[in-house]
Amino acid sequence: MNYRLKLLSYVVMAYMLLAFAWWTILLNQKNEEAYEAKREMLRVAKMANSTYTTEAEFRQSDRYTNLRERYKRRQAMIFGESLVFVLSLFVGFWFINKGYRDIIKNSRSKTNFLLSISHELKSPVASVKLALETILKRDLDKSQLEQVAGGAIAETERLKSLIGNLLLAARLEEAYEINKEPVDSGKVLHQIVNIEKIKFQDADIELHLQAGTEEIYTDKFAFATIMHNLIENALKYSGENPKVEVVLKKRETALEIAVADQGVGIPDEEKDRIFEKFYRLGHEITRSTKGTGLGLFIINKMVEALNGKIQVEDNDPAGSVFRILLKNHLNTPGLSEGRENRD
């Protein structure tokens, strides 16, 4: 169906170009015929008045010169308008095709999102249901009950996190209101690391906090959300035995955050698209990994709300590095003011 619509648009465009080329040729012919007719009438009039001498003098006369100039102006106008029309036609078709491609791309992204979110919602619900049925139908001892209940709680937390991301993504479509305060970055990061090490038991997460970054001045929820999503994404797409390095350092009055992994990496042609809503990379490890394509979208929106910048680079020898720069998040007077307001 898409191929037929695209083919039809090309056929229509070709027809319009040919039709306008034909009308341009006809208009030019009519202009030339009118010019030749008026030239002959002018020659006959001069002969009738006995003022026609030679062809060279006739072509140098004022009336012939004016007639020739009008003919050239009309000819230039015909071809000029034709060129403008052709260019406008190409630009219009380019915008139409671009809009069509964007609609198809968004439709596919939403379809993929609905498929993935359906699976993400059904999986924890099915796990919790299975756990409850196991508790009801079997006589479990305390250790078995704790194990089954623990699994159900973990799936419930996963469902809660998924719903939270969906609601947060919807909120971020509008302006997010920032509430800056002094934040213990080390404490927040250690809490996130502990949570992720429960999910990824073989994970190796290194934290490096440069002196002066232990306490920052930022929105605590935004900072925690950014770091949690960055670290979880890095672990999720790093394969077996994932290793992630998190670095916080000062750059004058700015806070620089770097999260590096040694995973599958991100192709150059997809680096500009990874922050789009619902977008997921196309390689196999991404398709086989749980996710909705909202994590990096949320990160990007949060960084924008904090007036920061985010970029992704290739890591050496493999993987990716997400680098964030947040200005005025190490402002000492701001910290003092925040403490006074908090007290």
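A residue counts as buried when its relative accessible area is under 20%. With that cut-off in hand, welcome to this predicted model. The chain has 343 residues, and 36% of them count as buried. Nine helices and seven strands make up its list of elements. Among contacts with a separation of 6 or more, 73% link residues that lie 24 or more positions apart. This briefing follows helices H6 and H8 and then visits some of the loops.

**Helix H6**

- H6 runs over residues 220–236, which gives 17 residues.
- From the first C-alpha to the last, H6 reaches 24 Å, close to the 24 Å expected at 1.5 Å a residue.
- Is H6 largely enclosed by the rest of the structure or largely open? Of its 17 residues, 13 are buried, so H6 is largely enclosed.
- At the start of H6, Asp219 offers a side-chain oxygen that comes to within 3.1 Å of the backbone nitrogen of Phe221.

**Helix H8**

- H8 has 11 residues and eight of them are buried, so this helix is largely enclosed by the rest of the structure.
- The buried residues of H8 are Gly295, Leu296, Phe297, Ile298, Ile299, Asn300, Met302 and Val303.
- What covers these buried residues? The cover includes helices H4 and H6, together with strands S6 (309–314) and S7 (320–327).
- Asn300 sits in H8, which spans residues 295–305.
- Asn300 counts as buried because its relative accessibility is 17%, and buried means under 20%.
- Leaving aside residues up to four places away in sequence, Asn300 touches Phe275 and Ile310.

**How H8 packs against its partners**

- Two packed helices are described by the angle between their axes and the distance between the axes.
- H6 and H8 have axes that come within 9 Å and cross at roughly 145°.
- The H6 and H8 crossing is left-handed. On the H6 side, the contact is made by Phe221, Ala222, Thr225, Ile226, Asn229, Leu230 and Asn233. On the H8 side, it is made by Gly295, Leu296, Ile298, Ile299, Met302 and Val303.
- Phe221 therefore has two roles to look for: its backbone nitrogen is the one approached by Asp219, and the residue takes part in the contact with H8.
- Helix H4 (residues 142–171) also packs with H8, at an angle of about 45° and with the axes 10 Å apart. H4 and H8 are therefore oblique to each other.
- The crossing of H4 and H8 is left-handed. Asn165, Leu168 and Ala169 of H4 meet Phe297, Ile298 and Met302 of H8 there.
- Ile298 and Met302 of H8 appear in the contact with H4 and also in the contact with H6.

**Loops around H8**

- Ile274 lies in the loop between strand S5 (254–261) and helix H7 (284–287). With a relative accessible area of 3%, Ile274 is buried.
- Ile274 and Gly295 are 21 residues apart along the chain, and their C-alpha atoms are separated by 9.6 Å.
- Asn307 follows H8 and lies in the loop that leads from H8 to S6.
- Is Asn307 buried or exposed? Its relative accessibility is 66%, so Asn307 counts as exposed.

**Backbone features to look for**

- Most residues other than glycine have a negative phi, and most peptide bonds are trans.
- Asn307 is not a glycine, although its phi is positive at about 60°.
- Asn328 also has a positive phi, near 60°, in a residue other than glycine. This residue lies in the loop between S7 and helix H9 (332–342), and it is partly exposed, with a relative accessible area of 43%.
- Which residues does a cis peptide bond join? The bond lies between Asp316 and Pro317, with omega about 10°. Pro317 is placed in the loop between S6 and S7.

**A pairing across the sequence**

- Glu252 is found in the loop between strand S4 (243–251) and S5. With a relative accessible area of 77%, Glu252 is exposed.
- Glu252 and Asn328 are 76 residues apart along the chain, and 9.1 Å separates their C-alpha atoms.

Technical notes. Residues numbered from 1 in each chain as written. Predicted model: local features only at pLDDT ≥ 70, side-chain atom pairs only at ≥ 80, totals over all residues. Heavy atoms only, no water. Helix = DSSP H or I, 4+ residues; strand = E, 2+ residues; numbered from the N terminus. Expected span 1.5 Å × (residues − 1). Buried < 20%, exposed > 50% of the residue type's maximum accessible area, 1.4 Å probe, protein only. Polar contact = N/O pair within 3.5 Å; in protein donor to acceptor, adjacent residues only side chain to side chain. Contact = heavy atoms within 4.5 Å. Axes fitted to C-alpha atoms, helices over the stretch in contact; angles between N-to-C directions. Parallel < 35°, antiparallel > 145°, perpendicular 65-115°, else oblique. Left-handed = near helix turned anticlockwise from the far one by under 90°.
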